[in-house]
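Open the model in your viewer and colour it by secondary structure. The stops below go from the whole chain to the sheet, then to single residues and charged pairs.

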Amino acid sequence: MDDLFTKEDTSLFANAMTFLRQPYLRNPLGSNADLVVMGVPFDMATSGRPGARLGPDAIRKASVNLAWEGNKFPWGFNLLDRINVVDAGDLVFDSGDSNDLTRRLEAAATAIIRSGKTLLSLGGDHYITLPLLRAHASVHGEMALVHFDAHTDTYADGSAYDHGTMFYHAPNEGLISRQHSIQVGIRTDYTRENHGYRVLDAMQANDMTVDDIVEAIRSTVGDKPVYLTFDIDCLDPAYAPGTGTPVCGGLTSDKVLKIIRKLAGLNIVGMDVVEVSPAYDHSDITALAGATIALELMYVWASSKESLGN
């Protein structure tokens with residue numbers, strides 16, 4: 001009976017409170033963590049269906065379906081043998097106060113990054129990427145953006161807190177370089193004059209090979225530090241119905257995972273997965289996709305860290 005309260009939990013649905021059941025550490029700054037997972041339960045900037053504030057919890061619960069794997073297919077190694085991961089829980093901010101969210105998220109992310117750790121954020125709606133970019137740029141300088149989405153989020157006519165305007169503001173603030181940034185999966189209209197970003201729209205991406213897409217990404221970002229943001233609606237609604245602004249004609253989960261895996265070696269300094277809205281999900285399809293993409297990003301980051309000698 002010595003292990004009554006200490007036995008390792010291998011059941012799928014018990015104690016699914018943290019990502020991959022990794023240690024919960026509310027203040028990770030003094031820890032030996034290499035990578036910190038943080039949830040941002042915010043969806044006040046949505047223009048479509050709400051509910052992304054429940055995304056971090058849904059992604060964590062779905063991640064237990066992945067926690068049992070040792071040497072994960074097709075990587076051939078156990079991520080947790082190479083890096084230390086902690087879950088810092090969810091960012092706490094004043095309910096209903098977008099300004100407080102923005103201020104606290106930038107401050108918390110900056111502190112984590114300056115402590116020498118890499119941050120993987122779970123949204124929440126896509127607006128959260130703007131304060132996250134501000135935090136990362138304060139440490140890493142101007143970055144390249146690798147952006148998977150159905151929408152460019154470069155619209156200039158939104159409000160101050162809007163999940164469709166972040167990548168209009170970010171280059172204007174000097175956070176990212178348009179000419180070194182690329183958007184994959186776009187299938188809504190945008191103003192092409194002075195857009196500045198390289199775009200592989202969904203029709204192109206669905207017809208291109210994985211290798212050609214990866215080459216386009218690598219040739220665009222060059223040797224700049226990379227922030228990678230994944231809006232779950234990049235996936236076709238057949239693979240991710242649980243999101244606020246679904247658009248038909250997207251990428252398959254298979255193709256997206258193959259693309260992500262081939263990004264190993266990029267200098268990825270920050271990552272997020274956003275716009276999972278579990279109220280519109282079916283059989284946890286979208287939450288599982290979000291958790292799987294987040295885990296693949298961890299593997300890519302760990303592989304890149306090793307290859308770059310960091």
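Start with the whole chain: 56% of its 310 residues count as buried, where buried means under 20% relative accessible area, exposed over 50% and partly exposed in between, with a 1.4 Å probe and protein chains only. This is a predicted model, in which local features need pLDDT of at least 70, side-chain atom pairs count only at pLDDT 80 or more, and totals for chains, interfaces and linings use all residues. Residues are numbered from 1 along each chain as its sequence is written, and side-chain values use heavy atoms, with hydrogens and water left out.

Still at full view, the radius of gyration is 18 Å, which agrees with the value near 19 Å for a compact globule of 310 residues; the radius is taken over C-alpha atoms, and the globule rule is 2.2 Å times the number of residues to the power 0.38. Along the principal axes, the C-alpha atoms fill a box of roughly 70 × 45 × 40 Å.

**The sheet**

Nine helices and eight strands make up the secondary structure; these are DSSP runs numbered from the N terminus, with helices (H or I) of at least four residues and strands (E) of at least two. Select the strands: the eight form an open, parallel sheet in the order β2-β1-β3-β8-β7-β4-β5-β6, with two strands counted as paired if DSSP finds at least two bridges between them. At the edges are β2 (85-90) and β6 (198-201); each has a single partner strand, so one side of each lacks a neighbour in the sheet.

Next, select 226-231 and 268-274. These are β7 and β8, paired in the parallel sense over six bridges. Here V226 stands opposite I268 in β8.

Add helix α7 (residues 210-221), which packs on the sheet and touches β4 (144-148), β5 (182-186), β6 and β7; contact means heavy atoms within 4.5 Å. The direction of α7 makes about 165° with that of β6. Angles run from 0 to 180 degrees between N-to-C directions, and axes are lines fitted to C-alpha atoms, for helices over the stretch in contact. Then show helix α3 (residues 98-114), lying across β1 (35-40) and β3 (118-123) and running at about 175° to β1.

**A loop residue**

Select R178 in the loop between α5 (166-172) and β5. R178 has a relative accessible area of 25% and is partly exposed. Leaving aside residues up to four places away in sequence, R178 touches Y168, P171, N172, N194, H195, G196 and Y197.

**Charged pairs**

The structure holds 13 salt bridges, each a side-chain nitrogen of Lys or Arg within 4 Å of a carboxyl oxygen of Asp or Glu.

Which residue forms a salt bridge with D43? The partner is R53, with the closest N and O atoms 2.6 Å apart. D43 counts as buried at 5% relative accessibility, whereas R53 is partly exposed at 43%.

Move to R134 and E173, a salt bridge whose closest N and O atoms are 2.9 Å apart. R134 lies in helix α4 (residues 129-140) and E173 in the loop between α5 and β5, so the pair ties together parts 39 residues apart in sequence.

Finish at K262 and D211, another salt bridge, with closest N and O atoms 2.6 Å apart. K262 is in the loop between α8 (253-261) and β8, and D211 is in helix α7, 51 residues away in sequence.
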